[in-house]
Amino acid sequence: MTALSKYERLETTGLWRETPDAQRREVVVSFGNATIVLSDMNNTALAHWSLHAIHRLNPKQRPAIYSPDEDDITETLEIEDDTMIGAIEEICAEIERHRPHPKRLRWWLLAGSFAMVAALVIFWLPGALLRQTLSVVPEVKRYEIGQTLATKIKRIAGQPCSSPNGNRALAALEERLSNDRAIKLIVLPAGVAKATHLPGGFILLNRALVEDYEEPDVPAGYILAEQLRAGVTDPMEPLLRSAGVRATFGLLTTGEISDTVMGSYAEKLLTTPQTPLDTQALLAEFQSASLRSSPYAYAEDPTGETTIELIEADPFITTAPTPVLSDGEWVALQNICSE
């Protein structure tokens, strides 16, 4: 022990009490090998106190009183010599620095456990809760949520366009493009940039898609793109991510989402840019739906520079696919917002 080597020859006198009922006795106090040695005046050793166990009973007071056992204080030693007191304090402090601290270790282990739990709550739980909720929400509930969102959007974008002939044409377009899931098309006078989709199969179209183009392949292409987006990312997912953990948990446990959350997401949806689609996946959808991709490509970019692959790889560039709508249906759809 480094500190002990400095005080190997240090001695002083002190008052030793062997038991609480015994008389105090003057002794010589000196350092031994990792011990304090108490001797009588004839140099006969009376006691050896381990430096690892020695404990001061009255910190910062004089005379200093020590005991060899912190838990069972029956034997005590009083010392007044400042040099000896300083030596004992220094050696005991060094021992304490190198001593294992189970309580401190337990505290760190407990803190680590809390940190791990907090990390799970912050990073793992929201994702797990989201996945679980998405897996159990039934189609009927998805349709109800989509319908509610559509109603919220109508307050911003205006009432959907509607006319008897236009509605029949819209129904024909729904039937033409429905794949494994039915779709519900809504033409809005404003609000939607071009097209977007909602849970439950709802697809919203800006009136410009049916009024400003010469063929129904253009709105059909946008509908197909929204179907693909809905297939790539569950339409409920962005809603729940926007709503937060509390609303997601509420939907999982009660089957309900607050009106405030729905209104906030409806506004956000209209200003959120559409996620880009993989061109090859989109071409496969055009192929499967017997639909030309070039009208959609030119509607996206009239120059064709950014959509050249959709133009050159159009699956029906040389053959005519099944018509999207009849001429009469297309004219009726173009006038759905005018009648």
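**Loops, a helix crossing and two cores**

K60 is found in the loop that runs between strand 5 and strand 6, and this residue serves here as a way into a predicted model. The protein chain holds 14 helices and ten strands, and of its 339 residues, 41% count as buried. Among the contacts in the protein chain with a separation of 6 or more, 58% are accounted for by residues 24 or more positions apart.

**The loop between strand 5 and strand 6**

- K60 has a positive phi of about 65°, although this residue is not a glycine.
- K60 has a relative accessible area of 82%, and it counts as exposed because this value lies over the cut-off of 50%.
- P63 also has its place in the loop between strand 5, which covers residues 55–56, and strand 6.
- The peptide bond that joins R62 and P63 is cis, with an omega of about -10°.

**Two further loop residues**

- N43 sits in the loop between strand 3 (35–39) and strand 4 (45–50), and its phi, which is near 70°, is a positive value in a residue other than glycine.
- With a relative accessibility of 65%, N43 counts as exposed.
- I73 is placed in the loop that lies between strand 6 (64–67) and strand 7 (76–79).
- The relative accessible area of I73 is 42%, which means that this residue is partly exposed, since the value falls between the cut-offs of 20% and 50%.
- Leaving aside residues up to four places away in sequence, I73 touches L57 and S67.
- The C-alpha atoms of I73 and P20 are separated by 8.6 Å, while the two residues are 53 residues apart along the chain.

**The crossing of helix 5 and helix 14**

- Helix 5, made of residues 164–177, packs with helix 14, made of residues 327–334, at an angle of about 120°, and their axes are 8 Å apart.
- The two helices, helix 5 and helix 14, are therefore oblique to each other, because an angle of about 120° lies outside the range of 65 to 115 degrees for roughly perpendicular and is not over 145, the cut-off for roughly antiparallel.
- The crossing that helix 5 and helix 14 make is left-handed.
- On the side of helix 5, the residues that meet helix 14 are N165, G166, A169, L170, A172 and L173, and their partners in helix 14 are E329, A332 and L333.
- Sorted by class, the contact of helix 5 with helix 14 has six nonpolar residues, two polar residues and one charged residue.

**The nonpolar cores**

- The largest nonpolar core has 38 residues, and those with the most contacts inside this core are L173, I223, L333 and I336.
- Helix 7, which covers residues 217–232, gives the largest share of this core, namely seven residues.
- Not counting residues up to four places away in sequence, I223 touches L173, L177, I183, L185, I203 and L205.
- A second core, separate from the largest one, has 26 residues, including I145, L149, I257 and L270.
- L173 and L333 link two of the topics above, as these residues take part in the contact of helix 5 with helix 14 and are also among the residues with the most contacts inside the largest nonpolar core.

How values were computed: Residues numbered from 1 in each chain as written. Predicted model: local features only at pLDDT ≥ 70, side-chain atom pairs only at ≥ 80, totals over all residues. Heavy atoms only, no water. Axes fitted to C-alpha atoms, helices over the stretch in contact; angles between N-to-C directions. Helix = DSSP H or I, 4+ residues; strand = E, 2+ residues; numbered from the N terminus. Parallel < 35°, antiparallel > 145°, perpendicular 65-115°, else oblique. Left-handed = near helix turned anticlockwise from the far one by under 90°. Contact = heavy atoms within 4.5 Å. Nonpolar A, V, L, I, M, F, W, Y, C, P; charged D, E, K, R; others polar. Core = buried A, V, L, I, M, F, W, Y, C linked by side-chain atoms within 4.5 Å. Buried < 20%, exposed > 50% of the residue type's maximum accessible area, 1.4 Å probe, protein only.
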